[in-house]
Amino acid sequence: ALTALTAFGASFLRTSGAYSAFATVLGTILGFVAGAYIPVGSLPDGVASTINALPFAQGAMLLRRPFTADALRTVTAGDAAASDSLRGFYGIDLFVGSAQVAVWVAVGVLIVVAVGFTALSAGRIRSLLR
């Protein structure tokens with residue numbers, strides 16, 4: 001999904017230098033948006049909700065879940081309240097407002113983004129090759 005989105009953005013660039021700048025800026029922004037550099041829980045609620053509604057954060061959530069499951073159990077020693085708190089703070093569970101983003105919603109959003117931006121990218125690249 002995110003590769004298709006990047007391909008669409010890259011289809012507007014003409015030089016390798018422009019692509020390098022695009023990739024650097026986009027990679028940095030996505031690192032912040034996905035919560036890789038700053039945990040979502042340390043941001044104000046409105047900012048966190050906005051970020052959590054984006055497909056980048058939802059993709060990161062889907063990756064965090066299996067990678068943190070064992071460590072989270074070890075750190076919290078089975079304490080449900082501590083586990084819930086850490087899951088929300090680090091973006092293992094995402095919330096938009098007070099509603100939790102379900103796994104099936106995140107997967108659905110990523111599928112829609114993948115199909116939509118693949119079609120847009122293919123159309124744009126096809127028109128450039130003509």
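**Exercise 1. Which residues in H4 meet which residues in H5, and how do the two helices cross?**

Solution. The structure is a predicted model, and the steps below should be read with that in mind. Begin with the contact: on the H4 side are Arg 65, Leu 72, Val 75 and Thr 76, and these meet Ala 82, Ser 83, Leu 86 and Arg 87 in H5. Sorted by character, the residues of this contact comprise 4 nonpolar, 2 polar and 2 charged.

Turn next to the geometry, where the axes of H4 (residues 55–76) and H5 (residues 80–89) come within 10 Å and cross at roughly 140°. Since only angles over 145 degrees count as roughly antiparallel, H4 is therefore classed as oblique to H5. The crossing of these two helices is right-handed.

**Exercise 2. Locate Ala 77 and state what its phi is, then decide whether the residue is buried or exposed.**

Solution. Ala 77 is found in the loop between H4 and H5. Its phi is near 50°, which is a positive value in a residue other than glycine. For background, most residues other than glycine have a negative phi. The relative accessible area of Ala 77 is 69%, and because the cut-off for exposed is over 50%, Ala 77 is classed as exposed.

**Exercise 3. List the residues of the largest nonpolar core, and find which helix gives the largest share.**

Solution. The core has 9 residues, namely Leu 30, Val 33, Ile 51, Phe 56, Ala 57, Met 61, Leu 94, Val 101 and Ala 106. Two helices, H2 (16–33) and H4, each supply at least two of these residues, and the largest share, 3 residues, comes from H4. As a general point, nonpolar side chains in soluble globular proteins tend to be buried together.

One core member can be followed further: leaving aside residues up to four places away in sequence, Ala 106 touches Gln 58, Met 61, Leu 62 and Val 101.

**Exercise 4. At what angle do H1 and H6 pack, and which residues make the contact?**

Solution. Helix H1 (residues 2–10) and helix H6 (residues 103–129) pack at an angle of about 30°, and their axes are 8 Å apart. Angles under 35 degrees count as roughly parallel, so H1 and H6 are roughly parallel to each other. The crossing in which H1 passes H6 is left-handed.

From H1, the contact is made by Ala 4, Leu 5, Ala 7 and Phe 8, and from H6 by Ala 114, Phe 117, Thr 118, Leu 120 and Ser 121. Classifying the residues of this contact gives 7 nonpolar, 2 polar and no charged.

Technical notes
Residues are numbered from 1 along each chain as its sequence is written. This is a predicted model: local features need pLDDT of at least 70, side-chain atom pairs count only at pLDDT 80 or more; totals for chains, interfaces and linings use all residues. Side-chain values use heavy atoms; hydrogens and water are left out. Axes are lines fitted to C-alpha atoms, for helices over the stretch in contact, and angles run from 0 to 180 degrees between N-to-C directions. Helices (H or I, at least four residues) and strands (E, at least two) are DSSP runs, numbered from the N terminus. Angles under 35 degrees count as roughly parallel, over 145 as roughly antiparallel, 65 to 115 as roughly perpendicular and the rest as oblique. A crossing is left-handed if the near helix is turned anticlockwise from the far one by less than a right angle, and right-handed if clockwise. Contact means heavy atoms within 4.5 Å. Ala, Val, Leu, Ile, Met, Phe, Trp, Tyr, Cys and Pro count as nonpolar, Asp, Glu, Lys and Arg as charged, and the others, Gly among them, as polar. Buried means under 20% relative accessible area, exposed over 50%, partly exposed in between (1.4 Å probe, protein chains only). A nonpolar core is a set of buried Ala, Val, Leu, Ile, Met, Phe, Trp, Tyr and Cys residues joined through side-chain atoms within 4.5 Å.
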